[in-house]
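Hi,

Here is the model I promised to pass on. Have a look at it first, and then read my notes below.

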Amino acid sequence: MSNEKTTNPLREGMRLKRLPQPNTLVIFGATGDLTHRKLLPSLFSLYKQNLLPINFSIIAFARRPKTSSEYQNEFKNALPSSGYSPEDKEKLNSFLQYIHYFQGDFSSPDAFIALSEKLKNIEKENRINANRLYYLATPPSAYNTIVENLGAAGLSANDSGWTRIIIEKPFGHDLSSAQDLNRNVKQVFSEEQIYRIDHYLGKETVQNILVFRFANGIFEPIWNRRYIDHVQISFAESIGVEGRGKFYEEIGILRDIIQNHLLQLLCLVAMEPPSSFDADAVRDEKVKVLRAVQPISADDMDKRVVRAQYAAGSLLGQNYISYLDEEGVSPDSTTETYTAMKLSLNNWRWAGVPFFIRAGKRLPKRVTEIAIHFKDAPLQIFGPQAADVSANVLTLNIQPNEGISLRFDSKVPGPTAHIRPVTMDFRYGTSFGEVPPDAYERLLLDAMIGDSTLFTRADENEMAWKIMTPILEHWQNLGKTSIPQYKIGTWGPEEADVLLSDIHNKWRQL
Ligand code: BG6
């Protein structure tokens, strides 16, 4: 039987290896959810693909006392039983040898002195340079303390290797806190050392937006206000706050999803072609998009932004409680689990083209997509039979059915000129025969290699907060007013439909 993986020509070049230099990764917040669900599984996956460097080590830094083997076993037991072959299980045992548990308190300078010793010992034992990557996978409230203590212990740079720091989102909770955090981190690390993570940028489908737009010549001429009517960027999840009610109260979906993931998608769709695929060239163009976003004035706020909370309802035959009844949520909370907004960009390419953005939890299913709605044909020559003609829509399916599809009108076979929309589809799974890897794999590898293209720069992060902060302040000024509700399992509140009524359009059915 032929091996499909080696015969599919589209797969050629998929495994070009980019190997990082030997290094040591220190994960702060090693007992947390992110480390167990994303970081360690991604590192294990890189290990299986021989993409980790030789003499690699992981220092799992956390507060609770435990031994390395206890920690390794916890990780091993938490891995799903399916999806791993017997060969993987053998590899797992050797991967686990990389992990050293390190007990320490983020706020204790002594713990960082001890960490420094630990790093030196590992580096000596492995005979490697002091290449160090720190990953802050802790609650954001710990970021400043950890950074300060790393600096005080002399861990922010050294003469015999590189030092980098990855900082998880949320990076700040509004413009001034993001500026403060940037200022504090930059007192210890230089911008080149800082990798602000937005895992959406590590998704294959998100990276493909740039390839689709700038490796192909046919889209660029129509990618502007002359041909595009509007753009819809949608994020839907069927899950709720998953027991993180207390955390969500401080966040809300605007900070959790829109300020970062969806504004990044907006940047990639709307940016000008960068002069090269170089970290700063790409990020310069993204920042320009954010600068072009027209601020939403207080008077316009109600016409352009809608927020809501999920109300009790059922999804796939299961009943769920409302947001207000979730544990840790205040009964008069105004934290939003759904937000939709209309943004405009003040530049030549996009003047007059609205960008509609929505994100919601406890919606009918998990889907993220960008839909580019083109303008109608200038003249309809097919008469009444063309009643079903609809505008062309190009959809970039970020997940879960990763791919791209184009809707266009077609003649229905038969003796009349009856017209109906059809779609032309590209799917990653069928074309490349492979499920895209987890975003964290790519991002961890890039940080070890020193490629910051898929990480956000300080100015980019602050610009994104500059757009969102007036909305957050407006909501704060409204105080404890009740906010619209949408029933679980529906596509959000009716109020959100009004945003598109100006252009006589609707939200896409996902
Ligand atoms: C995270 C948010 O950044 O993204 C979560 O904090 C959300 O609330 C998650 O569930 C969604 O990520 P993905 O990759 O599943 O779309």
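Let me start with helix 9 (residues 245-270), which lies across strand 7 (228-236), strand 11 (338-343), strand 12 (355-360), strand 13 (367-374) and strand 14. Its direction is at about 145° to that of strand 12. Helix 14 (residues 458-478) packs on the sheet too, where it touches strand 8 (305-311) and strand 11. The angle between helix 14 and strand 8 is about 60°.

A word on confidence before the rest: this is a predicted model. The mean pLDDT of the protein is 93, with 97% of residues at 70 or more. The stretch to watch is residues 1-7, where the pLDDT is below 50. Beyond near neighbours in sequence, that stretch has three contacts in the model. Where pLDDT is low, the predicted coordinates shouldn't be read in detail.

Now the sheet itself. It is open and mixed, built from nine strands in the order 16-15-14-13-7-12-11-8-17. Strand 16 (419-427) and strand 17 (485-487) are the edges, each pairing on one side only. On average, neighbouring strands are turned by 20° against each other, ignoring direction. If you want a pair to zoom in on, try strand 14 (residues 393-399) and strand 15 (residues 403-411): they run antiparallel and are joined by five bridges. One residue pair to look up there is Asn397 with its bridge partner Gly403 in strand 15.

There are also two helix pairs I'd like you to see.

Helix 6 (residues 143-152) and helix 7 (residues 175-188) have axes that come within 9 Å and cross at roughly 15°, so the two helices are roughly parallel to each other. Their crossing is left-handed. On the helix 6 side the contact is made by Tyr143, Asn144, Val147 and Gly151, and on the helix 7 side by Leu181, Asn184, Val185 and Val188. By type, the residues in this contact are five nonpolar and three polar, with no charged ones.

What about helix 2 (residues 33-48) and helix 4 (residues 86-96)? Their axes come within 10 Å and cross at roughly 110°, so these two helices are roughly perpendicular to each other. Helix 2 brings Leu40, Leu43, Phe44, Tyr47 and Lys48 to the contact, where they meet Asp88, Lys91, Leu92, Ser94 and Phe95 of helix 4. Here the residues divide into six nonpolar, one polar and three charged.

That's what I have so far. Over to you!

Cheers

Conventions: Residues are numbered from 1 along each chain as its sequence is written. This is a predicted model: local features need pLDDT of at least 70, side-chain atom pairs count only at pLDDT 80 or more; totals for chains, interfaces and linings use all residues. Side-chain values use heavy atoms; hydrogens and water are left out. pLDDT is the predictor's confidence in each residue, from 0 to 100. Contact means heavy atoms within 4.5 Å. Axes are lines fitted to C-alpha atoms, for helices over the stretch in contact, and angles run from 0 to 180 degrees between N-to-C directions. Helices (H or I, at least four residues) and strands (E, at least two) are DSSP runs, numbered from the N terminus. Angles under 35 degrees count as roughly parallel, over 145 as roughly antiparallel, 65 to 115 as roughly perpendicular and the rest as oblique. A crossing is left-handed if the near helix is turned anticlockwise from the far one by less than a right angle, and right-handed if clockwise. Ala, Val, Leu, Ile, Met, Phe, Trp, Tyr, Cys and Pro count as nonpolar, Asp, Glu, Lys and Arg as charged, and the others, Gly among them, as polar. Two strands pair if DSSP finds at least two bridges between them.
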